[in-house]
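Work through the exercises below with the sequence and the model open. Each task is followed by a solution in steps.

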Amino acid sequence: AATAGIGWRHAASALVGPAAGILPATLFAGLSPLIRAEFRFSVVWIGLGVSIFFLTSSLISPLAGRLSESVGSQRGLWIGMGISITSLLGIGLVSDGLVAVCLFLSFAGFGNATIQTAANIALARGVRQDRRGLAFGLKQAAVPVATAIGGFSVPAIGLTIGWRAAFVGSAIVALVAMLLPAPTTAPERGGDGRPPRLWPVPRSLWLLTIGIALGAGAANAMTSYLVESSIRGGWSVAQAGTFLGLGSILGIIARIITGAASDHISGS
């Protein structure tokens with residue numbers, strides 16, 4: 001039963017896990033000018049790499065959600081973060097071209113789907129209803145947190161140590177965060193002792209999925225090309241990365257405020 005408020009374990013789980021899940025894509029987009037300079041590929045392929053990540057996430061999400069239901073939210077988070085960390089290390093240490101980067105981004109998409117669904121389960125079951133808006137606002141703020149890291153890593157790490165160091169450093173931070181205790185939910189079982197059925201999906205959920213996809217599509221397209229577009233507009237690489245980071249901070253604030261406000265709105 002979801003009877004607790006938002007403790008530090010729920011807040012950390014809502015922010016750290018989902019941020020780690022999406023980091024491979026946001027780092028790739030933010031550091032794309034430096035990655036392109038080494039691997040020499042067209043700007044068009046930035047969109048392809050990010051699309052591969054999110055396509056994998058979308059296709060695998062129903063199965064990832066079922067996995068998290070079966071093993072519990074904490075194990076689901078561990079599995080997803082392990083995949084994300086492996087992907088970050090793979091891109092930073094062994095990638096030798098665009099094909100390798102895209103393969104690791106696809107693998108990271110599986111980890112992101114597992115993390116997001118596991119975090120949803122932990123918050124939905126572990127936080128009481130009148131605090132879920134704030135809880136999910138924190139979770140959604142994890143996306144611009146990852147984007148901010150991708151933006152600020154350009155002047156702080158990419159232009160000083162190198163873009164590979166940003167991926168490796170993020171993997172190390174995610175590994176440390178993985179050791180934090182996460183809220184635990186028991187595996188969900190139906191009346192016959194089996195995991196709950198996946199289908200049929202309610203019509204309202206399909207409509208909600210379409211609406212979220214349209215909003216996320218606009219946001220992801222903008223953040224994927226914001227650095228490259230800013231550079232083509234005359235900004236330096238450092239300025240473009242910082243711009244992405246500062247814009248992401250506004251996104252973090254807006255999502256938390258919106259989530260908290262929704263706790264005080266009656267009706268659906």
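**Exercise 1.** Determine whether Arg40 is buried or exposed, and describe its backbone.

Solution. Step 1: the relative accessibility of Arg40 is 73%, so the residue counts as exposed (over 50%; buried is under 20%, partly exposed in between, with a 1.4 Å probe and protein chains only). Step 2: Arg40 sits in the loop between α2 and α3; helices are DSSP runs of H or I with at least four residues, numbered from the N terminus. Step 3: its phi is near 55 degrees, a positive value in a residue other than glycine. Most residues other than glycine have a negative phi.

The model is predicted: local features need pLDDT of at least 70, and side-chain atom pairs count only at pLDDT 80 or more, while totals for chains, interfaces and linings use all residues. Residues are numbered from 1 along each chain as its sequence is written, and side-chain values use heavy atoms, leaving out hydrogens and water.

**Exercise 2.** Find the salt bridges that involve Arg36 and Glu38, and state which helices they link.

Solution. Step 1: the criterion is a side-chain nitrogen of Lys or Arg within 4 Å of a carboxyl oxygen of Asp or Glu. The whole structure holds four such bridges. Step 2: Arg36 pairs with Glu228 at 2.9 Å, N to O. Arg36 belongs to α2 and Glu228 to α8 (residues 203-232), so this bridge ties together parts 192 residues apart in sequence. Glu228 counts as buried, at 4% relative accessibility. Step 3: Glu38 meets Arg164 in a salt bridge, also with an N to O distance of 2.9 Å. Here α2 is linked to α7, across 126 residues. Glu38 is partly exposed at 40%, and Arg164 is partly exposed at 23%.

**Exercise 3.** Describe the surroundings of Thr114.

Solution. Step 1: Thr114 lies in α5 (residues 98-126). Step 2: with 0% relative accessibility, Thr114 is buried. Step 3: a polar atom of its side chain is 2.9 Å from the backbone oxygen of Phe110. Step 4: leaving aside residues up to four places away in sequence, Thr114 touches Ala64, Leu67, Ser68, Gly76, Ile79 and Gly80, where contact means heavy atoms within 4.5 Å.

**Exercise 4.** Which residues does Phe41 touch, not counting residues up to four places away in sequence?

Solution. With those neighbours left out, the partners of Phe41 are Phe28, Ile35, Arg36, Ile46 and Leu98. Arg36 is the residue that forms the salt bridge with Glu228.

Notes:
Helix = DSSP H or I, 4+ residues; strand = E, 2+ residues; numbered from the N terminus. Polar contact = N/O pair within 3.5 Å; in protein donor to acceptor, adjacent residues only side chain to side chain.
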